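Me: I am new to this structure and want the reasoning behind each label. Please set the values against the cut-offs as we go.

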Amino acid sequence: MSLPQNIVILTGAGVSAESGIDTFRGGGGLWEQHRVEDVATPEAFARDPDLVLRFYDMRRAAIQEKAPNAAHRALARLEREWPIKVPDGSVTLVTQNVDDLHLRAGSERLIAMHGQHLSAWCTACDTRHAWTGPLIDRPPCPACAAPALRPDIVWFGEVPYRMDEIHAAMAQADLFVSIGTSGAVYPAAGFVRLAREIGAETLELNLERSQGSAWFHETRLGPATQIVPDWVDELLKTR
């Protein structure tokens, strides 16, 4: 693989699994014993807001007890050092994850396309606020005081955030890397095809082959905490 200039990296649940954060779906299509349809859709929130708010309150509390792992730290290192190695080069990190582990590891060029647990969205005044506590008691919005806060999470049926920025980065990429993703959730699952269409090299780093694995030029399998730092070391040592 020739030395790239602009790199776009997509991460999924597999990059945070070794930090103790459960992958999105478990066996039988359940998410922590809940059907996705019951906790991750606008219809579910309208039907049973207490169930949805309790579910996300638990997740929000849990992630604050976790820590970034070697894969998060390696990607932050790549982001820091790549412009030094490749003048005018860039690394754009797009994550499907809603934890804050990339941020805590030091990543700055991060696009959280599915939102973030540590953020609350006011549906009354359309403002977003850093949020670490519960929402079940309907706290007032810090901006407008309305009891209209919901998890700032992109649910099924909603449009992911910052898609224009993602497509702009993809249009300039000559290497697309997918890490720890199932290849099952769109539009992220389609990024590899877009990368192939524009002539970018494509690399999959995963515990097992994803549903879209055949689209990648190369696949490397193993735990994220091993294969991601190894890949970053390899890339930064390339002459």
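**Labels and the values behind them**

Me: Why is Cys141 called buried?
Reply: This is a predicted model, and in it Cys141 has a relative accessible area of 3%. Buried means under 20%, so Cys141 gets that label.

Me: What makes Cys122 count as buried?
Reply: The relative accessibility of Cys122 is 0%. That is under the 20% cut-off, so Cys122 is buried.

Me: How do you know that Cys122 is in no disulfide?
Reply: The whole structure was searched, and zero disulfides were found. For Cys122, the nearest cysteine sulfur belongs to Cys141 and lies 3.7 Å away. A disulfide needs two cysteine sulfur atoms within 2.5 Å, so this pair does not qualify. Seen from the other side, Cys141 has the sulfur of Cys122 as its nearest cysteine sulfur, at 3.7 Å, and is in no disulfide either.

Me: Which residues does UniProt mark as "binding site"?
Reply: The unreviewed UniProt entry places that feature at Tyr56 and Arg59. Tyr56 lies in helix 3, residues 49-63, and Arg59 also has its place in helix 3.

Me: Why are Tyr56 and Arg59 called buried?
Reply: Relative accessibility is 1% for Tyr56 and 10% for Arg59. Both values are under 20%, so both residues are buried.

Me: What makes the pair of Tyr56 and Val39 a polar contact?
Reply: The side chain of Tyr56 reaches the backbone oxygen of Val39 at 3.1 Å. The distance limit for a polar contact is 3.5 Å, so the pair is within it.

Me: What makes strand 1 and strand 9 a pair?
Reply: Strand 1 (residues 6-11) and strand 9 (residues 175-179) share five bridges in the parallel sense. Pairing requires at least two bridges, so these strands pair. One of the bridge partnerships joins Thr11 to Ile179 in strand 9.

Me: Why are strand 5 and strand 11 called edge strands?
Reply: The open sheet has six strands in the order 5-4-1-9-10-11, with parallel pairing. Strand 5 (110-112) and strand 11 (218-221) each pair on one side only. From one strand to the next, the twist averages 15°.

Me: Which helices pack on the sheet, and which strands do they touch?
Reply: Helix 4 (residues 70-85) touches strand 1, strand 4 (90-95) and strand 9, and its direction makes about 155° with that of strand 4. Helix 6 (residues 163-172) touches strand 1, strand 4, strand 5 and strand 9, and its direction makes about 135° with that of strand 1.

Terms used: Residues are numbered from 1 along each chain as its sequence is written. This is a predicted model: local features need pLDDT of at least 70, side-chain atom pairs count only at pLDDT 80 or more; totals for chains, interfaces and linings use all residues. Side-chain values use heavy atoms; hydrogens and water are left out. Buried means under 20% relative accessible area, exposed over 50%, partly exposed in between (1.4 Å probe, protein chains only). Helices (H or I, at least four residues) and strands (E, at least two) are DSSP runs, numbered from the N terminus. Axes are lines fitted to C-alpha atoms, for helices over the stretch in contact, and angles run from 0 to 180 degrees between N-to-C directions. Contact means heavy atoms within 4.5 Å. UniProt positions are given in the numbering used here, feature names are shortened, and annotations may be inferred rather than shown by experiment. A polar contact is a pair of N or O atoms within 3.5 Å; within protein, one must be able to donate a hydrogen and the other to accept it, and residues adjacent in sequence count only if both atoms are side-chain atoms.
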